[in-house]
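Subject: Structure handover

Hello,

Here is the structure I said I would pass on. My notes on it follow below.

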Amino acid sequence: MSAQRERVAAVRKRHAPDYGLLAVLAMLLVFGLVAVYSSSYALGYAQFDDANYFIKKQAIWAGIGTVALVFMMNVDYHLWRRLAALLMLGAILALAAVLLPGLGVEANGARRWLALGPLQGQPSEFAKLAVLIYLSAWLAAKGDQVKDFSLGVLPFVSMVGLVSALIMLEPDLGTAMMVGVITGSLFFVAGARLKHVFALAASAGTAATVLVIAAGYRMDRILSFTSAEHDPTGVGFHTLQLLVAFGSGGMTGLGLGTSRQKFFYVPGSHTDGILAIIGEELGFIGAAAVLLLFGLLLWRGVLIARRAPDAFGAYLATGVVAWIGFQMLINVGGVTRLLPLTGIPLPLVSYGGSALAALMAAVGLLLAVSRYTEVAEQPEDAPVRGAVRASTAPTSRPARQPGGAR
């Protein structure tokens, strides 16, 4: 009878996706392509004798991301629940392959890429998506067992710890941190005990502190945050030049394409520093417009999570919202000197092919959830309860909605 009820409950009226979210995504994508070209043509010409070098690659990955988004949007998201274990295994194998000589591509002292023909892919970006799907399925099946230390906390730490450890071997603290933030958000929303959440956050913070102290270049980022003015041509150069870019733009900016700081003053002007170049060229108004688009995107995502017909869909939507939201906040905080610089790019806007494609696939997953928000009528013998655990009813919502509300 339980299986029959699950089949009946799984019958949903499929409808159009959230076109509002899709429109905001399209605007951010187009804006990002324009910003990447404007911020990178000088660097492309200097390094590769091709002013269009970076925008051509970004456009190719945007096309790949669009295909991934359309595919994910049109597939019933419940399929990924059945494939979650295989996706997780594939992500672990890809992360391990990066570390093998002959397979992984090394650049700037890090081994983070796999050669994909003329392009290079970063498996850690797609690992975020695989971990998100796997943990959403796992948490939906666990239900209230997530509160138990041995049945909930330990398996969670083991799974997330394995992926984070592989990413740290590349090394890539920023991406490992994002994996922790995304999965931690899911763990909280699933109803984990607050003392467990705080303990995990404290442990992660301690580990991050040790890793920062152990690596000189990471410690330089802390010094550039706390005392950039003491070494303006050394460790403080990056931070101060970002602020100069914002200050030069004023309210309305110098004009699209007329940034001065992109001419080798702002390191990573087309990656994690792209918002500063936008602020210089389009001013406070342009930068605020970008942040407004992110706000609209996150608002639509939260609505989808709240209206999801089952726990698995709600966790998927919550994870995508956390992915975009926290990555945006960390990047904006870094370039405005509200937080230390981490090297985390601005989602959907910064240059970075595999990051763009993976995130567009994740948004496609969010749009897929938005297509199944109406649940078929339950049979007369189905139990009626005020709250049903996610482990017994696929139409239940998680214990906490995004934002911590019960």
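Leu256 sits in the loop that runs between α11 (237-249) and α12 (274-307). Please keep in mind that this is a predicted model. Leu256 has a relative accessible area of 55%, so it counts as exposed. Together with Val30 and Val34, Leu256 makes a nonpolar surface patch of about 270 Å².

The loop between α11 and α12 also holds His270. Is His270 buried or exposed? His270 is buried, because its relative accessibility is 8% and the cut-off for buried is under 20%. Leaving aside residues up to four places away in sequence, His270 is in contact with Val36, Ser39, Ser40, Leu43, Phe54, Ser350 and Tyr351.

One of those contacts, Phe54, is among the buried residues of helix α3. The others buried in α3 are Ile55, Gln58, Trp61, Ala62, Gly65, Leu69, Met72 and Met73. These residues lie on the same side of α3, because they cover an arc of only 125° around the axis. In general, an α-helix has 3.6 residues a turn, so residues three or four places apart point the same way. The cover over the buried residues of α3 includes α2 (19-48), α4 (79-82), β2 (110-116), β3 (119-121), α6 (123-142) and α14 (353-370).

The length of α3 was checked as well. Helix α3 covers residues 53-73, and at 1.5 Å a residue its 21 residues should span 30 Å; the C-alpha atoms at its ends are 30 Å apart, so the two values agree.

Next, the charged pairs. Side chains of opposite charge can pair when their charged atoms come close. How many salt bridges does the count come to? The count comes to five, including the three described here.

- Arg300 pairs with Asp18, with 2.8 Å between the closest N and O atoms. This salt bridge links distant parts of the chain, since Arg300 is in helix α12 and Asp18 is in the loop between α1 (2-9) and α2, 282 residues apart. Both Arg300 and Asp18 are buried.
- Asp50 and Lys56 form a salt bridge through their side chains, at 2.8 Å from N to O. Lys56 is partly exposed, because its relative accessibility is 45%.
- Lys128 pairs with Glu125, the closest N and O atoms being 3.1 Å apart. Lys128 and Glu125 are three residues apart in helix α6, so about one helical turn separates them. Lys128 and Glu125 are both buried.

Regards

Notes. Residues numbered from 1 in each chain as written. Predicted model: local features only at pLDDT ≥ 70, side-chain atom pairs only at ≥ 80, totals over all residues. Heavy atoms only, no water. Patch = residues over 30% accessible without salt bridge, like charges linked within 9 Å, V, L, I, M, F, W, Y side chains within 5 Å. Areas by Shrake-Rupley, 256 points an atom, 1.4 Å probe, with all protein chains shown as cover. Salt bridge = Lys/Arg side-chain N within 4 Å of Asp/Glu carboxyl O. Helix = DSSP H or I, 4+ residues; strand = E, 2+ residues; numbered from the N terminus. Buried < 20%, exposed > 50% of the residue type's maximum accessible area, 1.4 Å probe, protein only. Contact = heavy atoms within 4.5 Å. Expected span 1.5 Å × (residues − 1). Arc of directions from axis to C-beta.
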